[in-house]
Amino acid sequence: MEKKIALIRGDYASPEFVAQAVRVLDRIAEKYGHTFTYTEVDMGGAAIDKYGEPLPEAELAKCLASDSVLLGSVGGPKWDDVAADKRPERGLLGLRSGMKLFSNNRPSKVWPQLAEASPLKSSIVEKGIDFVVIRELTGGIYFGEHKTETVTAADGASEQAATDVMYYTEHEIERIGRVGFETAMKRRKKLCSVDKANVLDTSKLWRKVMHRLAEEYPEVEYSDMLVDNCAMQICKDPSQFDVLVTENMFGDILSDEASEIVGSIGMACSSSLGETTCGVYEPIHGSAPDIAGEDKVNPIATILSAAMMLRYSFDMAAEADAIEQAVNAVLDDGLRTADIMSEGCTLVGCKAMGDAILAKL
Ligand code: IPM
Ligand code: MG
C-alpha cells in the first residue's frame, strides 16, 4: 500500500523521538512492501518561529491532504511570552478542530516488565490495568468562548474577570458516546461515562444522551461516574475499568492520571479521529525541554502511536502487532530509557532504544 503521512516533528526534544518513529515506519514499509511518503508540516513553536503563527492554513491543508498525521509534541518555555491566541498549544487545538477530530483514544495498559515503575502499590497493579479513555476532543470548555474583561468590584474599583464557556450539543455528545459504546463492544463490553451531573448542565445533558444510547447497546455493561470519584477510583482500583468516555477537559485530566499509573507517560500513545480514517497520532507527553538535545527521551510513546496509525487508519494490523511485539521484546531484554529505568536494567538513550526496536523488527 501507498500512504502519505504528514509529519510534525515538533519542538525541543520532539524531533529526537519522532525520528525514531519514522525509522520504525520505514522498516515496516520495507518489510511488508508498503510505500510511506512524508510531508513535513510546521506546527507549534516551529511554525511561530517561521511564520509568526502556530498553524498557518497551508500547513493545516497539508495535514488534510494526507492519509494521516504523525505528531511529536509542541511548545516549551521559548514561547511562554507569546500572546495566548498565538501559543503553540493553539496550533494543536487548531489542528484537532480543523481536521474535525472529535474522538481521542488514550489507552492505559500496564506492561508487565514496567509494573514496578507504577506509583501504585503492587497489590493494586497486580489486579491488572487495561483500559482506554475516550476523550471528546473538539468541544466543551476548550472551544467555548474565552474572554477576560474589566469589571467594577463592590468597592467601586475595577478588577479583571474571566469567562470560559462549556458548551455541548446533543449531536456532539451522541457521536462521542457512540465511539465509547463501539470501543467497548470490541473489548470487554464495559463502558463508564464520566461527568459532573450533580453540578453541570452540560453533564446532565451528557448523561441523558448516554442513557438513550445505552438502550441501543444492551450487551454493554454501562455505568455513570462523577469525575471526582473517577479520579479517585483510577488510583484505588483501576482494574474495574474497560472503557471510559468523557468530555474534553475531564478527559485531559484523567488521561494524564491514567498514563502515569502504568509506569510512565513516556509510554503513552494516542489516536485522534473524526468521521474519516485520516487521524492524528501523537504521544500524550510533552516536548521535554529540560532534556532536549541530550538523546535521553523515551521514543516508545511515539513509536506506539505510529503503530496505532497503522492499525486504525491504514488497516495494517499485522504491521502494528509487529511494532508492539518489538517494543515488548526490548523491554524483555531489560533496555530502559531514563524515565522507566529500574535496578538491574540497562540504561539507553533515545536513539539506542530506536536501534533496539529496529533490530527486533
Ligand atoms: C493534551 C494536552 C493538550 C490538551 C494541551 C497541550 C493543549 O494537554 O493533549 O492532553 O490540553 O489537550
Ligand atoms: Mg493533557
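Which atom of ligand 1 is 2.5 Å from an N or O atom in the side chain of Tyr142? In this predicted model, the partner is an oxygen atom of ligand 1. The legends below describe the domains, their interface and the ligand site.

**View 1. Domain 1 and domain 2 of the chain, as given by the domain assignment.** Domain 1 comprises residues 1-102 together with 265-361, while domain 2 comprises 119-140 together with 167-261. A distance of 25 Å separates the C-alpha centres of domain 1 and domain 2. To their contact, domain 1 contributes 10 residues and domain 2 contributes 10 residues.

**View 2. The area buried between domain 1 and domain 2.** About 820 Å² is buried between domain 1 and domain 2, and carbon and sulfur atoms give 63% of this area. On the side of domain 1, the residues that lose the most area to domain 2 are Arg96, Phe102 and Ile265; together they account for 70% of what that side buries.

**View 3. Polar contacts and residue classes at the interface of domain 1 and domain 2.** Two residue pairs are in polar contact across this interface, both at pLDDT 80 or more, whereas zero salt bridges are found there. The side of domain 1 that touches domain 2 is made up of five nonpolar, two polar and three charged residues.

**View 4. The residues that surround ligand 1.** Glu89, Leu92, Arg96, Arg106, Arg135, Tyr142 and Asp252 surround ligand 1. Arg96 is also among the residues of domain 1 that lose the most area to domain 2.

**View 5. Side-chain atoms of Arg135, Tyr142 and Asp252 beside oxygen atoms of ligand 1.** For Arg135, a polar side-chain atom is 2.8 Å from an oxygen atom of ligand 1. For Tyr142, the distance from a side-chain N or O atom to a ligand oxygen atom is 2.5 Å. For Asp252, a polar side-chain atom is 2.9 Å from an oxygen atom of ligand 1. Ligand 1 taken alone exposes 320 Å², of which the protein buries 75%.

Conventions: Residues numbered from 1 in each chain as written. Chains lettered and ligands numbered in written order. Heavy atoms only, no water. Domains from an automatic or database assignment. Contact = heavy atoms within 4.5 Å. Buried area = accessible area lost by both parts, 1.4 Å probe. Salt bridge = Lys/Arg side-chain N within 4 Å of Asp/Glu carboxyl O. Polar contact = N/O pair within 3.5 Å; in protein donor to acceptor, adjacent residues only side chain to side chain. Nonpolar A, V, L, I, M, F, W, Y, C, P; charged D, E, K, R; others polar. Near = heavy atom within 4 Å. Areas by Shrake-Rupley, 256 points an atom, 1.4 Å probe, with all protein chains shown as cover.
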